[in-house]
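Colleague: I would like a close look at one part of this model. Please take the salt bridges, and then show me what surrounds them.

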Amino acid sequence: QEQLVESGGGLVQAGGSLRLSCAASGRTFNSVAMGWFRQAPGEERDFVAAIAWRGGGTYYANSLEGRFTISIDAAKNTVYLQMNNLKPEDTAVYYCASSKIGVSGYRGHYDIWGQGTPVTVSS
């Protein structure tokens, strides 16, 4: 069974950077793409970025203003989210997820989820 484990979250000052990792174990060839989502307290879980295992095609939420970069290391079954110029509004729990459908911003297209890693950005 596929499992996803996120790491790399923490406390950072505004303007700083963090790199999140998502290690996929037990991955089957049915997983087509990986995505990052985030959920702030009392808010919906929102799409951040997605990437395909093959070809590396990417898709980002418009609101990120080019500050985040998603990447993939297929040999390590690991997906990364590099976050630069962080802002207090980026504070949230960040989740990675696996999709058998493809690169998508729609939460319903992802069927395997990690436990999340918290990111706090102080002003």
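Modeller: What follows starts with the salt bridges and then moves to the sheet, the core and two single residues. Keep in mind that this is a predicted model.

The whole structure holds 6 salt bridges. Side chains of opposite charge can pair when their charged atoms come close.

Take E44 and R107 to begin. Their side chains form a salt bridge, with 3.8 Å from N to O. The cut-off for a salt bridge is 4 Å. E44 sits in the loop between β4 and β5, and R107 in the loop between β9 and β10, so this pair ties together parts 63 residues apart in sequence. How exposed are the two partners? E44 has a relative accessible area of 54%, so it is exposed. R107 has 38%, so it is partly exposed.

Now D90 and R67. The closest N and O atoms of this salt bridge are 2.7 Å apart. The pair links distant parts of the chain. D90 is in the loop between β8 and β9, and R67 is in the loop between β6 (58–60) and β7. They are 23 residues apart. Both D90 and R67 are buried.

A further salt bridge joins K100 to D111, with the closest N and O atoms 2.6 Å apart. K100 belongs to the loop between β9 and β10, while D111 belongs to strand β10. The two are 11 residues apart, and here too the pair links distant parts of the chain. K100 has 39% relative accessibility, so it counts as partly exposed. D111 has 41%, and therefore also counts as partly exposed. Which residues form a network through shared partners? Salt bridges of this kind join R38, E65, R67, K87 and D90 into one network. R67 and D90 are the buried pair described above.

Next, the sheet. Four strands make an open sheet: its 4 strands follow the order β1-β3-β8-β7, with antiparallel pairing. β1 and β7 (68–73) are at the edges with a single partner strand each, so one side of each has no neighbour in the sheet. On average, neighbouring strands of this sheet are turned by 15° against each other, direction ignored. Strands of a sheet pair through backbone hydrogen bonds, either parallel or antiparallel.

Look at the β1 edge. β1 and β3 run antiparallel and are joined by 5 bridges. S7 stands opposite S21 in β3. Strand β1 covers residues 3–7 and has two faces. L4 and E6 are on the covered face. Q3, V5 and S7 are on the uncovered one.

At the other edge, β7 pairs with β8 (residues 78–83) in the antiparallel sense, over 6 bridges. There D73 has T78 of β8 as its bridge partner.

Now the core. In soluble globular proteins, nonpolar side chains tend to be buried together. The largest nonpolar core here has 31 residues. Those with the most contacts inside it are W36, V48, F68, V79, L81, M83 and Y94. β3, β4, β5 (45–52), β7, β8, β9 (92–99), β10 and β11 (117–122) each give two or more residues to this core. β5 gives the largest share, 5 residues. Take V48 as a sample. Beyond residues up to four places away in sequence, V48 touches W36, F37, R38, Y59, Y60, A61, L64, F68, L81 and Y94. One of these, R38, is also in the salt-bridge network.

Two single residues complete the tour. I112 is in strand β10 (residues 110–113). With 18% relative accessibility, I112 counts as buried, because buried means under 20%. The C-alpha atoms of I112 and E2 are separated by 7.3 Å, although these residues are 110 apart along the chain. Leaving out residues up to four places away in sequence, I112 touches E2, L4, C96, A97, S98 and K100. K100 is the residue that forms a salt bridge with D111.

S31 is the other one. S31 lies in the loop between β3 (18–25) and β4 (33–39). At 5% relative accessibility, S31 counts as buried. Which side chains make polar contacts with S31? The side chain of W53 does so at 3.0 Å, and that of S98 at 2.8 Å. Leaving aside neighbours within four places in sequence, S31 is in contact with E2, W53, S98 and S99. E2 and S98 are also among the residues that I112 touches.

Conventions. Residues are numbered from 1 along each chain as its sequence is written. This is a predicted model: local features need pLDDT of at least 70, side-chain atom pairs count only at pLDDT 80 or more; totals for chains, interfaces and linings use all residues. Side-chain values use heavy atoms; hydrogens and water are left out. Buried means under 20% relative accessible area, exposed over 50%, partly exposed in between (1.4 Å probe, protein chains only). A polar contact is a pair of N or O atoms within 3.5 Å; within protein, one must be able to donate a hydrogen and the other to accept it, and residues adjacent in sequence count only if both atoms are side-chain atoms. Contact means heavy atoms within 4.5 Å. Two strands pair if DSSP finds at least two bridges between them. Axes are lines fitted to C-alpha atoms, for helices over the stretch in contact, and angles run from 0 to 180 degrees between N-to-C directions. A nonpolar core is a set of buried Ala, Val, Leu, Ile, Met, Phe, Trp, Tyr and Cys residues joined through side-chain atoms within 4.5 Å.
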